[in-house]
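Look at the sequence and the model below, and follow the chain from one end to the other. The paragraphs after them go from the overall layout to single pairs of residues.

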Amino acid sequence: MRAILALLACLALPACGLSPMYAGGGDAAVAQGLAAVEVPAIPGRGGWLVRNALQDRLGIAGDAPTAYRLDVRLDDTLEALGVLNDDTISRERRILRARYQLVDAATGAILLDATAGSDAGIDVVSSEYATIAAEQKALENLARAVAEQMATQVSLALRARGAPPQ
């Protein structure tokens with residue numbers, strides 16, 4: 001009985017209208033479009049981390065002539081959350097937000113204007129070195145998360161647009 005239900009579910013799946021975004025692997029229109037996205041330098045350590053993560057994610061299909069530019073502005077803040085009786089901070093929150101635009105390099109048209117962001121909690125301990133290391137590790141993790149959100153939205157925008165311009 002379970003086998004019959006599984007078979008019926010597999011037969012019904014194509015009817016739902018879902019299709020793989022990267023069907024065709026590196027030759028897929030979305031993969032080729034991602035390979036054609038240039039990410040200019042982003043200021044700051046967080047910018048360097050986000051740019052590297054984006055280049056890793058967008059360059060899956062290899063190199064292609066630049067057809068799009070992804071302009072990114074980052075806002076990296078660190079705020080105190082927990083304050084003890086003696087006015088020392090016991091917990092911090094690191095917030096990384098990105099405002100980005102996908103621009104058609106040929107026409108200058110903005111294809112996508114969006115934001116992405118993530119935050120992380122950090123325990124402030126008696127060792128200043130450990131706290132700084134935790135803040136830096138949080139920034140690395142946040143940069144990967146924000147870059148992943150951005151890459152997903154860019155992929156969806158390119159998929160909606162169709163094949164990259166030649």
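In the protein chain, 64% of the contacts with a separation of 6 or more are between residues 24 or more positions apart. The model is a predicted one. How far does the predictor trust the protein chain? Its mean pLDDT is 83, and 81% of its residues reach 70 or more. Residues 21-27 have a pLDDT below 50, and this stretch has 16 contacts in the model beyond near neighbours in sequence. Where pLDDT is low, the predicted coordinates should not be read in detail.

The protein chain contains four helices and four strands. Along the sequence they follow the pattern α-α-β-α-β-β-β-α. The strands form an open sheet of four, in the order β1-β2-β3-β4, and the pairing is mixed. At the edges of this sheet are β1 (37-38) and β4, each of which pairs on one side only. Strands β2 and β3 run antiparallel and are joined by 15 bridges. One residue pair shows such a partner: G82 has R91 in β3 as its bridge partner.

Next comes the question of what is covered and what is not. Of the 166 residues in the protein chain, 32% are buried. The exposed surface of the protein chain is about 9,900 Å², and carbon and sulfur atoms supply 55% of it.

In soluble globular proteins, nonpolar side chains tend to be buried together. Here the largest nonpolar core has 35 residues, and those that touch the most other members are V37, L54, L70, L102 and M150. Which elements give two or more residues to this core? They are the helices α2 (29-35), α3 (44-58) and α4 (128-161), together with the strands β2 (68-83), β3 (89-104) and β4 (110-123). Helix α4 gives the most, with 11 residues.

L102 can serve as an example from this core. Which residues does L102 contact, leaving aside its neighbours within four places in sequence? Among them are V37, Y68, R69 and L70, then A109, I110, L111 and L112, and further along the chain V154, A157 and L158. Two of these partners, V37 and L70, are also named with L102 among the residues that touch the most other core members.

The charged side chains come next. Side chains of opposite charge can pair when their charged atoms come close. In the whole structure, a search finds nine salt bridges. One of them joins E140 and R45, whose closest N and O atoms are 3.3 Å apart. This pair links distant parts of the chain, since E140 is in helix α4 and R45 is in helix α3, 95 residues apart. Are these two residues buried, partly exposed or exposed? E140 has a relative accessible area of 24%, so it counts as partly exposed. R45 is also partly exposed, at 41% relative accessibility.

Another salt bridge is formed by the side chains of D123 and R91, at 2.6 Å from N to O. Because D123 lies in strand β4 and R91 in strand β3, the pair ties together parts that are 32 residues apart in sequence. D123 is partly exposed, with a relative accessible area of 48%, and R91 is partly exposed as well, at 33%. R91 is also the bridge partner of G82, so R91 takes part both in that strand pairing and in a salt bridge with a residue of β4.

R99 and D113 make a further salt bridge, with their closest N and O atoms 2.7 Å apart. R99 belongs to strand β3 and D113 to strand β4, so this pair ties together parts that are 14 residues apart in sequence. The relative accessible area is 35% for R99, which is partly exposed, and 40% for D113, which is partly exposed too. Elsewhere, salt bridges that share partners join R45, K137 and E140 into one network.

A last residue to find is A134, which is in helix α4. A134 is partly exposed, with a relative accessible area of 28%. How many residues apart in sequence are A134 and G121? They are 13 residues apart in sequence, and their C-alpha atoms are 9.6 Å apart in space.

Notes:
Residues numbered from 1 in each chain as written. Predicted model: local features only at pLDDT ≥ 70, side-chain atom pairs only at ≥ 80, totals over all residues. Heavy atoms only, no water. pLDDT = per-residue confidence, 0-100. Contact = heavy atoms within 4.5 Å. Core = buried A, V, L, I, M, F, W, Y, C linked by side-chain atoms within 4.5 Å. Buried < 20%, exposed > 50% of the residue type's maximum accessible area, 1.4 Å probe, protein only. Areas by Shrake-Rupley, 256 points an atom, 1.4 Å probe, with all protein chains shown as cover. Salt bridge = Lys/Arg side-chain N within 4 Å of Asp/Glu carboxyl O. Pairing = 2+ DSSP bridges.
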